[in-house]
Amino acid sequence: MKSGFIWTLLKTVLGLSLVWTFSMADTSCLGFYKPSKLNESKISREIHFKNLNHSEYDVVIIGGGSAGLGSALDATTRGLKTLLVEADDFASETSSKSTKLLHGGVRYLEQLWTKLLTQREWDQTLYNLIRDALKERKTVIENAPNLAQPLALLTPIYSWPEVPYYWAGLKVYDLFAGKKGKLPNSHFISAEQIKKFYPQINANGLKGGVVYYDGQFNDSRLAIGLAKTAVANGATLLNHARVVGFEKEGEKIVGVQVKDMISGETYTVKSKTVLNATGPFADKLRQMDDPSVPAMISGASGTHLVLDKEFALPEAGILIPKTSDGRVLFVLPWEGKTLIGTTDSKSDVVEKPKTTEDDIAYLIKEVSQYLSQPITRADVKSYWTGIRPLVSDPSASDTAALARDHVINRNPKSGLITLTGGKWTTYRVMGEHAIDQVMTQLGLDPKMVSSKTDHLKLAGSANWSFDNYRNLMNQYKLPSDIAIYLNRIYAGEAKNLLDTYPQAHERMSEGLPFIWAEVYYAVHFESARSITDVLARRVRMATMDKLETKRVLDKVGKILARELGWSEEQLKEDLEKARVEFQIE
Ligand SMILES: Cc1cc2nc3c(=O)[nH]c(=O)nc-3n(C[C@H](O)[C@H](O)[C@H](O)COP(=O)(O)OP(=O)(O)OC[C@H]3O[C@@H](n4cnc5c(N)ncnc54)[C@H](O)[C@@H]3O)c2cc1C
């Protein structure tokens, strides 16, 4: 009896000391973990710069697109002392130029099927890719419900044999989603129903359609949400800060040189590990580290058009699985507009790619075949082009057949870890896998302090409800479209925005829900430092309407000049930069 008691006591003491040892190891090895203050999130670029030289980081992440931001959030919530540096603005490259769908990839499903039927081969990797992405689309919707929602997509079918083909395929898509990724089930819709409810669709030869579900989101706003959440959890994030070199001891990377692209000053930052998350530019950084490594990225560019909302179905997207040249085409309702996009084709990797009139003409021609009312160049309100990082054999010509999965690659000599490929939908698991690798390199077992992002609500998203817009309407006397918009984009932070700038609640532009307070908020709470930061990625006017953007450009420039203390010359330069980037000269 007595020895039993002593044994129990010993076990308790042993257990407690193990927990204590681990928690000590946790805090001493992993830097600081700050409890989240998700409704007070603010990115203070200048304060972050001030702290830069002071200590060594556990991880420096290069690149502030979806891959880098997802990794920063994963790292900081696991307790790693984390710095992220972005050469331009958060999501200023590919991550603000996507189709804005959260998807498992119906096209990959078709590839899986074709391989099974023609080569009798089950491609487990492709299956895992689809299943994981289906789960992640639901995770994003749950963690940022204000910025991501389910979207019905209708595939019109113009030949009888294709009816069972697409119906069965999309049923399998539902099945692969399982419980974790489940959205409403797909269903068949007759040609008569389509004609009755969706007169926008060309009914010539229409046999019917299949409706299935994916997610839709606001890409650059999700990026800002990730950035704020990472900061609220202790990470240091810098936009307009380019990595211009690596610090090495022997062959090993022990830090980075960061150039403040605004002041021109260069800082040396010590770090135990460095993660290259520069998307399409990943090879540049890999070869800056080691010029002998072979390239692994192929670029694939894709263009999108924005039109007034009448061209889309009010509550569903249209997906054309095969255009005349075998591409997938989307016509989606998005943020009160119509978004048209197609899959990408092989291209060079360039910064800020331009959209050509040929790209625009191609989309107009293809889409017009599927709409009852053909579209014209005059209907196009905005457009942009983005470059997808495909991890692949650069000599291949067909980008559609190349791997869409993410890749984590480590240079054994220098220790540089590269995360690239993948897609927006899977940013969270990409971050988790990359930080697992970072932990291993730090000599820590990733299983001991595993990822915490699966159920982590993003800044402002906790307790969000669509109906909260009514409170904003009543309290601030706002029109419903503005209240709905502010509630979705800023969620729990909308009141803070409205209270902080009570004199700036007016609309920036007729017919669009943006208000002037957002420009100030972008500068002081969301680290916007240029006109393009404000108008392309915070307030998304440039994405929606180039003419309106041109109209407000000078006024936005003047506000920024005053708030940021710019000289006349700086204002002129930034206005010019915006005109070039927005293609509105
Ligand atoms: C046309 C198109 C449509 C797409 N549609 C979808 C979709 O509907 N759904 C989906 O899930 N995915 C979609 N994607 C894919 C998705 O957008 C990308 O996979 C994702 O945005 C890539 O993010 P990233 O962080 O890897 O790269 P990026 O967003 O390009 O980020 C890399 C960042 O690194 C920075 N950088 C480069 N060099 C340096 C340096 N030296 N120092 C510091 N920073 C540096 C760059 O400025 C850039 O901001 C689409 C892609 C394209 C092109």
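This report walks through a predicted model of one protein chain with a ligand, going from confidence to domains, the ligand shell and a few helices.

**How far to trust it**

Confidence first: the chain averages a pLDDT of 90, with 91% of residues at 70 or more. Two stretches deserve a raised eyebrow. Residues 1-39 sit below 50, and this stretch makes 29 contacts in the model beyond near neighbours in sequence. Residues 393-398 also stay under 50, and there the model has 4 contacts beyond four places in sequence.

**Domains**

The chain splits into three domains, and the table gives their bounds.

| Domain | Residues |
|---|---|
| Domain 1 | residues 31-94 + 221-296 + 403-441 |
| Domain 2 | residues 106-215 + 299-393 |
| Domain 3 | residues 466-582 |

Going by C-alpha atoms, the centres of domain 1 and domain 2 are 31 Å apart. Where they meet, 19 residues of domain 1 contact 20 residues of domain 2. On the domain 1 side, helix 8 (219-232), strand 18 (417-421) and helix 11 (427-441) each put in at least two residues. Helix 8 gives the most to that side, with 3 residues. Sorted by class, the side of domain 1 touching domain 2 comes out at 8 nonpolar, 7 polar and 4 charged residues.

**Around the ligand**

So where does the ligand sit? It lies between domain 1 and domain 2, because both of them give residues to the shell around it. There are 41 residues around the ligand, and G63, G65, S95, G279 and G302 come nearest. Helix 3 (66-77), strand 8 (241-249) and strand 16 (382-391) each supply at least two residues of the shell. Strand 16 has the largest share, at 4 residues. By class, the shell holds 14 nonpolar, 18 polar and 9 charged residues.

**A few helices**

Helix 4 covers residues 106-119, which makes 14 residues. From first C-alpha to last, helix 4 reaches 19 Å, close to the 20 Å expected at 1.5 Å a residue. Right after helix 4 comes R120, with a positive phi of about 50 degrees.

Now to a helix pair further along. Two packed helices are described by the angle between their axes and the distance between the axes. For helix 16 (residues 531-538) and helix 19 (residues 568-582), that angle is about 35 degrees and the axes are 8 Å apart. Helix 16 makes the contact with I531, T532 and L535, while helix 19 answers with D574, L575, K577, A578 and E581. The class tally for this contact is 4 nonpolar, 1 polar and 3 charged residues.

Conventions:
Residues numbered from 1 in each chain as written. Predicted model: local features only at pLDDT ≥ 70, side-chain atom pairs only at ≥ 80, totals over all residues. Domains from an automatic or database assignment. Contact = placed C-beta atoms within 7 Å. Nonpolar A, V, L, I, M, F, W, Y, C, P; charged D, E, K, R; others polar. Expected span 1.5 Å × (residues − 1). Axes fitted to C-alpha atoms, helices over the stretch in contact; angles between N-to-C directions. Near = placed C-beta within 6 Å. pLDDT = per-residue confidence, 0-100.
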